[in-house]
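Subject: Structure for you to look at

Hello,

Here is the structure I promised to pass on. Please open it, then read my notes below.

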Amino acid sequence: EGDPEKEIVKWAEEMHLDLIAIGSHGENGLRSLVMGSVSRKVTNHARQPVLIVRVQHEGMLSREAA
């Protein structure tokens with residue numbers, strides 16, 4: 001429960017993690033400003049290094065599988 005970014009950072013602290021790995025859809029521009037980005041917020045608030053992995057869109061996955 002709560003804000004995802006706050007919960008992720010809190011959990012990482014409680015678990016004494018050395019690294020946080022998080023996925024991102026790679027949104028940018030106006031949509032990112034309006035919706036915010038959990039990965040960006042985690043990066044800004046975490047004490048640990050954050051590894052952001054860009055998640056491919058479903059359409060890209062189906063084309064590669066064909």
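I start with one helix pair. Pro4, Glu5, Ile8 and Val9 in H1 make contact with Val38, Lys41, Val42 and His45 in H3. By type, the residues of this contact are 5 nonpolar, 1 polar and 2 charged.

Keep in mind that this is a predicted model.

Now the geometry of the pair. H1 covers residues 4-14, and H3 covers residues 38-45. Their axes come within 9 Å. They cross at roughly 45°. Angles between 35 and 65 degrees are neither roughly parallel nor roughly perpendicular, and H1 and H3 are therefore oblique to each other. The handedness of the H1 and H3 crossing is right-handed.

Next, the overall layout. The protein has 4 helices and 2 strands. Along the sequence, they follow the pattern α-β-α-α-β-α.

How are the contacts spread along the sequence? Take the contacts between residues at least 6 apart in sequence: 70% of these join residues at least 24 apart.

Last, burial and surface. The protein has 66 residues, and buried residues make up 18% of them. The cut-off for buried is under 20% relative accessible area. The exposed area of the protein is about 5400 Å². Carbon and sulfur atoms supply 56% of that area.

To look at the pair yourself, begin with Ile8 and Val9 on the H1 side, and with Val38 and Val42 on the H3 side; these are among the residues that meet there.

Best wishes

Definitions and conventions
Residues numbered from 1 in each chain as written. Predicted model: local features only at pLDDT ≥ 70, side-chain atom pairs only at ≥ 80, totals over all residues. Heavy atoms only, no water. Axes fitted to C-alpha atoms, helices over the stretch in contact; angles between N-to-C directions. Parallel < 35°, antiparallel > 145°, perpendicular 65-115°, else oblique. Left-handed = near helix turned anticlockwise from the far one by under 90°. Contact = heavy atoms within 4.5 Å. Nonpolar A, V, L, I, M, F, W, Y, C, P; charged D, E, K, R; others polar. Buried < 20%, exposed > 50% of the residue type's maximum accessible area, 1.4 Å probe, protein only. Areas by Shrake-Rupley, 256 points an atom, 1.4 Å probe, with all protein chains shown as cover.
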